[in-house]
Structures are given as C-alpha cells and as structure tokens.
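User: I am new to this structure and should like a close look at one part of it, the salt bridges and the elements that carry them. Please set the remaining helices beside that part for context.

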Amino acid sequence: MPILTIFNMDYQTLADKYLRGSGDYYEDRNPAWLDQVLAKFRLSTPEDVVGVIENAKKGFHVWSSVTPPKRGPVLMKAGELMENIAQEMALLLTLEEGKTL
C-alpha cells in the first residue's frame, strides 16, 4: 500500500527508483506534517559512497576520451531524459522540503 500518492505517483515507488543504499532503514517525513511518512528507504553507507565515487571516476575517464562532436547528442539525450522525469523530481523535492504543490 502506498504511503503517499499524489498526481497518480506513489512517492515510495519514486524513492525506490532513485534511492539505493545498503544501510539502516530511514523514514522520510514531510517536515510540514511530521506524522506523514513519505517513504521508507535504506540510507547510504560509507561503502556505498565509495562505490559511487569509484564508478564516477571510471566514467570520467571514458567520457573524457569522447570527442565534443560525439558528446553533443549524448548530452541532448540526457536533457530529454531529465525533462521526462521533471515532474517526478519536482514531487520528491517539494515533499521533502515540506512545501505545497
């Protein structure tokens, strides 16, 4: 059962999609209404962070070898993908900050 659904989007599903950790479980609460649990997810551990940094370093080396003309289409596609999830991200950020939609 969803903890919070708004605009036909389940906040827990969004959190599960974008937040991945292996630490303790955490209840994300709306600061405007502290009794409202938005989602439950696992926190990142120091090891999780190290893994992300190592992957970013590997990606940097690959990306830096790509020529600018070949980077352009990739960046355009990245922009399109971000536009496609803008409403989801706006929902996550707004609720976490306790603001109204």
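Analyst: The following account begins with a pair of strands, proceeds to the salt bridges, and ends with the helices.

The model is a predicted one. Its strand β3 covers residues 25-30, and strand β4 covers residues 33-42. These two strands run antiparallel to each other and are paired over 6 bridges. The connection from β3 to β4 is a hairpin of 2 residues. One point of contact can be named exactly: D28 has A39 of β4 as its bridge partner.

How many salt bridges does the structure hold? The number is 4, and three of them are described here, beginning with those of E27. E27 forms a salt bridge with R29, in which the closest N and O atoms lie 2.5 Å apart. A salt bridge also links E27 to K40, and here the closest N and O atoms are 3.8 Å apart. This second pair connects distant parts of the chain, since E27 belongs to strand β3 and K40 to strand β4, with their positions 13 residues apart in the numbering.

Are these side chains buried or partly exposed? E27 has a relative accessibility of 31% and therefore counts as partly exposed. R29 is likewise partly exposed, because its relative accessible area is 33%. For K40 the relative accessible area is 43%, so this residue too is partly exposed.

A further salt bridge lies in helix α2, which spans residues 46-64. There the side chains of K57 and E54 meet, with a distance of 3.7 Å from N to O. Why are these two residues about one helical turn apart? K57 and E54 are separated by about one helical turn because they stand 3 residues apart in α2. K57, with a relative accessible area of 46%, is partly exposed, and E54 is partly exposed at 37% relative accessibility. Turning back to the strands, salt bridges with shared partners join E27, R29 and K40 into one network.

The helices that follow may now be considered. Helix α3 comprises residues 68-84. This helix has 17 residues and reaches 24 Å from its first C-alpha to its last, close to the expected 24 Å at 1.5 Å a residue. α3 is hardly covered, for the count of buried residues among its 17 residues is 0. V74 has its place in this helix and is partly exposed, with a relative accessible area of 43%. Together with W63 and L75, V74 forms a nonpolar patch on the surface, and the accessible area of the three is about 270 Å².

Helix α4 comprises residues 86-97 and has 12 residues. From its first C-alpha to its last, α4 reaches 16 Å, close to the 16 Å expected at 1.5 Å a residue. Which residues of α4 are buried? They are E88, L91, L92, T94 and L95. Just after α4 comes G98, which takes a positive phi of about 75 degrees.

In summary, E27, R29 and K40 make up one salt-bridge network, while K57 and E54 meet in a salt bridge of their own. Of the helices just described, α3 has a buried-residue count of 0, whereas α4 has buried residues that include L91 and L92.

Note on methods: Residues numbered from 1 in each chain as written. Predicted model: local features only at pLDDT ≥ 70, side-chain atom pairs only at ≥ 80, totals over all residues. Heavy atoms only, no water. Pairing = 2+ DSSP bridges. Helix = DSSP H or I, 4+ residues; strand = E, 2+ residues; numbered from the N terminus. Patch = residues over 30% accessible without salt bridge, like charges linked within 9 Å, V, L, I, M, F, W, Y side chains within 5 Å. Areas by Shrake-Rupley, 256 points an atom, 1.4 Å probe, with all protein chains shown as cover. Buried < 20%, exposed > 50% of the residue type's maximum accessible area, 1.4 Å probe, protein only. Expected span 1.5 Å × (residues − 1).
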